[in-house]
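Me: Hello! I am new to this structure and would like to understand the words people use for it. Could you take me through some of them?

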Amino acid sequence: MTTTQTSVVQDLGTLAHRLSHPAGARCVCEPPQVLADRPDGTVVRSGAIVAKAHAADSDHEALAARIALAAAPQLTGILLPPLTAPGRSLTAPEPSGGPQHPELSEPPAPAPRPVTLWPLGAPVDPTDPEAAPWAEAAVLLARLHRTEPPFRLPAMRGPAKAARAVARMRAALPGDPAVLPVLAGWRALPAWARGEVPAPARRSGFLCHGDLHLGQLVRHPAPDGPWLLIDVDDAGTGDPAWDLGRPAAWYASGLLAPEDWFAFLDAYRSAGGPAVPADGDPWPELDVPARALTVQTAALALAKCAAEQRRPDEHEQLMIESCARIATLPPELAADHAS
C-alpha cells in the first residue's frame, strides 16, 4: 500500500470512528476495518459507520447529485440513504426540481478525494451462493426503474465504465494477442453501448443503478433488515436493461445457474420492471447490455491477470471466450437500439 493509500485509509478510519464513538466515552472499539481499497473507492468501517473516499477524478457535481438521490424520500426502501458528518444536514431538492445536494466532505491532504458517510449494512454472504438474493435484487431494480427521477441527474455511467475497462486492459497488455477476442467483442457493440453516443431516446430516461451485482446489496439495519441497493457512484438516467445485463451475461456464459437467472427475471417482471416485456423473449432488450458487460468483465479480468502476473482462472476464461462468440453475432437484436 502506498503512503497516499495509507493516509486515505487512516483518514477514513479516524472519521468513521469519530462519528461512531460517543463523545467522552471510554474507547473499547475495535480498530477500523478496510472493506475495500481501490482507486475508484476506498471504504473503511468503524462500528456502525462506513466512510467512503470516492475516486480522485470524480465529477463532484455529478457525485453530489447521486448522493442526493440516495437521500431522496422517493428512494426510501430501495437505496441505502447516506449519513452526514456532525453539524451537516441533508436537505430536500429545491422546489425548481434541481437537487440541493448533501455536502461532500474532503479528507485531509494528501488525499483530496470526496468522502461520504453511510450506515453499516450486512452484505451478501459469499460462502452461501444458494441464499443469494437474486429475486430481492430484481424487485429492488424494478422499483428503482419505475421511480420517476426526483430531479435532474447525470447519465448512468454503465457504458462509460465498460469503455474504461477496455482502456485499462489495453494499457496493461499493449500488443498482446490475448486481448484480441475482447476487442473483437467490443467493436461488435453499437456506439451507445461503448459510451460514444447517448442511448436511444426511448430507453434513456429511466432511473438506473449502473453497476448492479450482488456486492451492491446489504441488509439494513444489520443483520436482518430488508435488502437495499448501495453504491450510487454510477447511478443516473439511462437504459434500465443495463442493470439486468450482468446477470444476463453470467447466465449466457454459464456462470449463473438457470434457476437463479429465471428467479431474477421472473421477480423483475412480476414487480413491473420496464427493462423487458412482461412476457415473451427478453433478449432483444438484454442482448446489447449483456454483451457489453461480458466485454467489461473480460477486460477487467485480463488487466487484473496482467497486474498479478498470472493466467485467467476458469471463470475469467469463460468470459473471455464469450467475447469471441459474441463478436460473430449481429450488432443488434432490436431495431430501437440502433445507433
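Reply: Gladly! Accessible areas here come from the Shrake-Rupley method with a 1.4 Å probe. By that method the protein chain exposes about 15,900 Å², with carbon and sulfur atoms supplying 56% of it. Keep in mind that this is a predicted model.

Me: Why is lysine 52 called buried?

Reply: Buried means under 20% relative accessible area. Lysine 52 has 11% relative accessibility, so lysine 52 counts as buried.

Me: What makes lysine 52 and aspartate 231 a salt bridge?

Reply: The term asks for a side-chain nitrogen of Lys or Arg within 4 Å of a carboxyl oxygen of Asp or Glu. Here the N to O distance is 3.1 Å, and the two side chains meet in a salt bridge. Lysine 52 sits in strand E3, while aspartate 231 is in the loop between strands E8 and E9, 179 residues apart.

Me: Is aspartate 231 buried or partly exposed, and why?

Reply: Partly exposed lies between the 20% and 50% limits. Aspartate 231 has a relative accessible area of 21%, so aspartate 231 is partly exposed.

Me: How do you know that glutamate 285 forms a salt bridge with arginine 202?

Reply: The limit is 4 Å, and their closest N and O atoms are 3.8 Å apart. Glutamate 285 lies in helix H8 and arginine 202 in the loop between helix H5 and strand E6, so the pair ties together parts 83 residues apart in sequence.

Me: Why does arginine 202 count as exposed?

Reply: Exposed means over 50%. Arginine 202 has 54% relative accessibility, so arginine 202 counts as exposed.

Terms used
Residues are numbered from 1 along each chain as its sequence is written. This is a predicted model: local features need pLDDT of at least 70, side-chain atom pairs count only at pLDDT 80 or more; totals for chains, interfaces and linings use all residues. Side-chain values use heavy atoms; hydrogens and water are left out. Helices (H or I, at least four residues) and strands (E, at least two) are DSSP runs, numbered from the N terminus. Buried means under 20% relative accessible area, exposed over 50%, partly exposed in between (1.4 Å probe, protein chains only).
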